[in-house]
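Biologist: I should like to learn how to read a structure of this kind, one feature at a time. Might we begin with the vocabulary and then turn to individual cases?

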Amino acid sequence: SSYLVSMSSMIRAMRGVPRVQATAMRAASSSLHTLKQIPPFVNPQEKLMTGPGPSNTYPRVLAAMGMPTAGHLHPSYVNIMNETQDLLRYALQTQNKETYALPATGCGAMEAAIANAVEDGEEVLIASNGYWGGRVQDIASRHTSKIHMHSVPYGQVFNPSELAELVRQRKPGALFVVHGESSAGTMQPMEGLGEACRDAGTLLIADTVCSMGGRPLLVDDWGIDIVYSGSQKCLSVPPGISPISFSQRAMDKVANRTQPVRGAYFDAAKWLSKYWNGDARVYHHTGPANATYGLHEGLRIVAEAGLEATWAKHELAADILYQELDKAGLECYVENKDHRLGTVTLVKVPEGVDAKAVIGYMFNTLNVEVSGGLGDLAGKVWRIGLMGNNAREDVPPRVVKALREAIDVQ
């Protein structure tokens, strides 16, 4: 029988069930939708995932995620939450009390940052040099009607002094900057932005989804007020849980809003802080215990190696990639090496080459994943990610060899 639950098994299950309830169950069984076949146990084909994320998960992380699930307020889980906060503070280089792991992807953390920082009527200054500036514009427009876009082309970064002066002139409620712009392959210099924001009464928000754990990130020294990241990039943890941290200055503003945060789920002052801090935790959501275990283990891997060694590992992998690309006759899109993100590198698509066909050949034939361009660079570049578990010396030669083969077979 193709029925998921056969009538005979249902009859056996109903033995001892009161007559009225059994009659109702029989009536329901005649109208239930059924499965023709139960799908097999999940078994996705493993690839070398060297696109802009996710990266291949560390085996240790997968093992941690297989540990028994704890309740969201069990003492053992609260202890793991506390340890995760300490590990996040180390990775971010901050002493912020309000440092959490949100049960959301990086885009959810982006929305949490804007929702808490911005009230309707306040200006948000968005420094946009890639796809993610446009994404945050869409999010911010749902919280305020005053948005000022300050843009440079993909592949360029902002002069921090000029951006700081613009902050002092406009005095926006918040400045949004992408530290590691994965769509453009750039890393934004942050010097002086925090000081300018403090002078102007502006909160500095930084997207570090592709830089946390892979590139130098000094949240307190740089004066970043709200910083968020993702788990699936340089930490090599499956997606779905995202670090976020608020300075005291940011929390003071959230606590003194004239309008409630739009969206209770991400309200830092009313809910998140009370769930993550203190002896008497206040229930906010059912914490994703196993995802938290994974993030905890990914952060432990960073702490065991040390931040400087972890950053150096990513830099070495990027340097090897640049050398391999040069030997293969391929060019990086970002010409200034000092401005390259490194964790994600953009490669120019040679004239006459079908970028999408190359990606498909690599993925389907060679089991190597790279991604195409986003936004203005769609069809013009490939994006190669060397992050976390994939930031190894043996990976760049394999990726470039596969890329060269895929180009040559066209």
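Modeller: Two residues are in contact when heavy atoms lie within 4.5 Å. The structure is a predicted model, in which local features need pLDDT of at least 70 and side-chain atom pairs count only at pLDDT 80 or more, while totals for chains, interfaces and linings use all residues. Residues are numbered from 1 along each chain as its sequence is written, and side-chain values use heavy atoms, with hydrogens and water left out.

Biologist: Which residues does Q188 touch, if those up to four places away in sequence are not counted?

Modeller: Q188 touches V157, F158, V177, V178 and H179. The position of Q188 is in the loop between β7 and α8 (193-200); helices (H or I, at least four residues) and strands (E, at least two) are DSSP runs numbered from the N terminus. Between the C-alpha atoms of Q188 and G133 there are 13 Å in space, and the two residues are 55 apart in sequence.

Biologist: Is Q188 buried or exposed?

Modeller: The terms rest on relative accessible area: buried is under 20%, exposed is over 50%, and partly exposed is in between, with a 1.4 Å probe and protein chains only. Q188 has a value of 2% and therefore counts as buried.

Biologist: Where does A184 lie, and what does it contact beyond its neighbours within four places in sequence?

Modeller: A184 belongs to the loop between β6 (180-181) and β7 (186-187). Its contacts are N129, Y154, G155, V334 and L346. A184 is buried because its relative accessibility is 0%. A63 offers a contrasting pair: A184 and A63 are 121 residues apart in sequence, and their C-alpha atoms are 34 Å apart in space.

Biologist: How should I view the chain as a whole?

Modeller: The protein chain has 15 helices and 14 strands. Its C-alpha atoms fill a box of roughly 80 × 60 × 40 Å along the principal axes. Of the 410 residues, 53% are buried. Among contacts with a separation of 6 or more, 72% are between residues 24 or more positions apart.

Biologist: How are strands arranged into a sheet?

Modeller: Strands of a sheet pair through backbone hydrogen bonds, either parallel or antiparallel. Here two strands are said to pair if DSSP finds at least two bridges between them. One open sheet has three strands in the order β11-β14-β13, with antiparallel pairing. β11 and β13 are at the edges, each with a single partner strand, so one side of each has no neighbour in the sheet.

Biologist: How many bridges join β11 to β14, and how many join β13 to β14?

Modeller: Five bridges join β11 (residues 344-348) to β14, and two join β13 (residues 371-372) to β14. On the β11 side, T345 stands opposite I384, and L346 has R383 as its bridge partner. L346 is also one of the residues in contact with A184. On the β13 side, G372 is partnered by W382 of β14.

Biologist: Which residues lie on each face of β14?

Modeller: In a regular strand the side chains alternate between the two faces of the sheet. In β14, V381, R383 and G385 are on one side and W382 and I384 on the other, and all are buried. Five of the five residues of β14 (residues 381-385) are thus buried.

Biologist: Why is β10 described as largely enclosed?

Modeller: Five of the five residues of β10 (residues 242-246) are buried, so the rest of the structure largely encloses this strand. S242, I244 and F246 cover one face, P243 and S245 the other. Five bridges join β2 (residues 98-102) to β10 in antiparallel fashion, with A101 partnered by P243. Strand β9 (residues 226-228) is joined to β10 by three bridges, also antiparallel, and V227 stands opposite S245.

Biologist: Which backbone angles merit attention?

Modeller: The peptide bond from G53 to P54 is cis, with omega near 5°, and P54 is in the loop between β1 (48-49) and α3 (59-65). K171, not a glycine, has a positive phi of about 50°; K171 lies in the loop between α7 (160-170) and β5 (174-178). K171 is exposed because its relative accessibility is 52%. N367 likewise is not a glycine, and its phi is positive, near 60°. N367 is in the loop between α14 (355-365) and β12 (368-369), and is partly exposed at 24% relative accessible area.
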